[in-house]
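Open the model in your viewer and keep the selection panel to hand. We will go from charged pairs to rings, and then step back to the whole chain.

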Amino acid sequence: NIKFIGDPQKRIEEDYLRIIRFIRFSLEYISEIEQTTMKAIKLNLDGIKKISKERILSELFKILHTKNFVKLNKNKNLKAIFLLIFPEFKNLERLNQLETILNHSNFDKEILLALLLIDETNSHEYFSHKYNVSNDLKENLNLMAKNFMNFKSNKKFFMQDLKKNIYFFGKKHLMA
């Protein structure tokens, strides 16, 4: 079990970032959450507003890097806390699909962020602004969002293009 040493209420009040670290450690070690810990976390969620955006973003990147991040949906309490802290991640259900892909640990933070943020609602722009992300990350998320929207609006073109390439490469392969 992952728990705070001593009184969870006091430990959290000393540094509210411990709530986000608790999420990371719980994912890393796939542990059960004690009710007293859950209660203390819920009572102190407003304290996260007192933490600098840079510290929160740094801890988020560490969470995304954990090997078990894709299992976030399997723990309702952890998922609920995560969404209260990061409400812009509306697409957490997409993590379920990642679990089926071999070697999902090869996904970097930008791909995971794009997967969880990019949709028709521009959540990635809100996230970029809220956490004042680097220009590189902002540009990459914008590019992936643009490609996502192009793909959504041009599905038939994409399928026709894909069929053409399959035909072309298949024919070329048969000739070789």
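## Stop one: salt bridges

There are nine salt bridges in this structure, which is a predicted model. To highlight them, show the side chains of Lys, Arg, Asp and Glu, and look for a nitrogen within 4 Å of a carboxyl oxygen. Side chains of opposite charge can pair when their charged atoms come close.

Begin by selecting arginine 18 and glutamate 14. These two form a salt bridge whose closest N and O atoms are 2.8 Å apart. Colour by accessibility and you will find arginine 18 partly exposed, at a relative accessible area of 28%.

## Stop two: glutamate 59 and its partners

Now centre the view on glutamate 59, which sits in helix H4. Is glutamate 59 buried or exposed? Its relative accessibility is 1%, so glutamate 59 counts as buried, the limit being under 20%.

Add arginine 21 to the selection. Its side chain meets that of glutamate 59 in a salt bridge, at 3.5 Å from N to O. Because arginine 21 belongs to helix H2 (residues 17-29) and glutamate 59 to helix H4 (residues 53-65), this pair ties together parts that are 38 residues apart in sequence. Arginine 21 has 27% relative accessibility and is partly exposed.

Next, add arginine 24. A salt bridge joins arginine 24 to glutamate 59 as well, here at 2.4 Å from N to O. Arginine 24 lies in helix H2 and glutamate 59 in helix H4, so this pair ties together parts that are 35 residues apart in sequence. Both arginine 24 and glutamate 59 are buried. The side chains of arginine 24 and glutamate 59 also share a polar contact of 2.4 Å.

What else touches glutamate 59, once its neighbours within four places in sequence are left aside? Glutamate 59 is in contact with Leu17, Ile20, Arg21 and Arg24.

Before moving on, select Asp15, Arg21, Arg24, Arg55, Glu59 and Lys62 together: salt bridges link these residues in a network.

## Stop three: charges over rings

Keep arginine 24 on screen and show phenylalanine 25. The charged end of arginine 24 sits over the ring of phenylalanine 25, at 4.7 Å from its centre.

For another example, select lysine 109 and phenylalanine 61. Lysine 109 lies over the face of phenylalanine 61, 4.3 Å from the ring centre.

## Stop four: aromatic pairs

Hide the charged side chains and bring up the aromatic ones. The structure has eight aromatic pairs. Select phenylalanine 82 and phenylalanine 89: their ring centres are 5.6 Å apart and their planes are at 40 degrees, so the pair is tilted. Phenylalanine 82 and phenylalanine 89 are both buried.

Then widen the selection to Phe69, Phe82, Phe86, Phe89, Phe127 and Tyr131, which ring pairs link into a cluster.

## Last stop: the whole chain

Zoom out and switch to a cartoon. What makes up the secondary structure of the protein chain? You should see ten helices and zero strands, running α-α-α-α-α-α-α-α-α-α from the N terminus on.

Of the 176 residues in the protein chain, 38% are buried. If you draw the contacts between residues at least 6 apart in sequence, 72% of them join residues at least 24 apart. Finally, turn on the surface: the protein chain exposes about 11400 Å², and carbon and sulfur atoms supply 55% of that area.

Notes
Residues numbered from 1 in each chain as written. Predicted model: local features only at pLDDT ≥ 70, side-chain atom pairs only at ≥ 80, totals over all residues. Heavy atoms only, no water. Buried < 20%, exposed > 50% of the residue type's maximum accessible area, 1.4 Å probe, protein only. Helix = DSSP H or I, 4+ residues; strand = E, 2+ residues; numbered from the N terminus. Phe/Tyr/Trp six-rings, centres within 6.5 Å; stacked < 30°, edge-to-face > 60°. Lys NZ or Arg CZ within 6 Å of the ring centre and 35° of its normal. Polar contact = N/O pair within 3.5 Å; in protein donor to acceptor, adjacent residues only side chain to side chain. Contact = heavy atoms within 4.5 Å. Areas by Shrake-Rupley, 256 points an atom, 1.4 Å probe, with all protein chains shown as cover.
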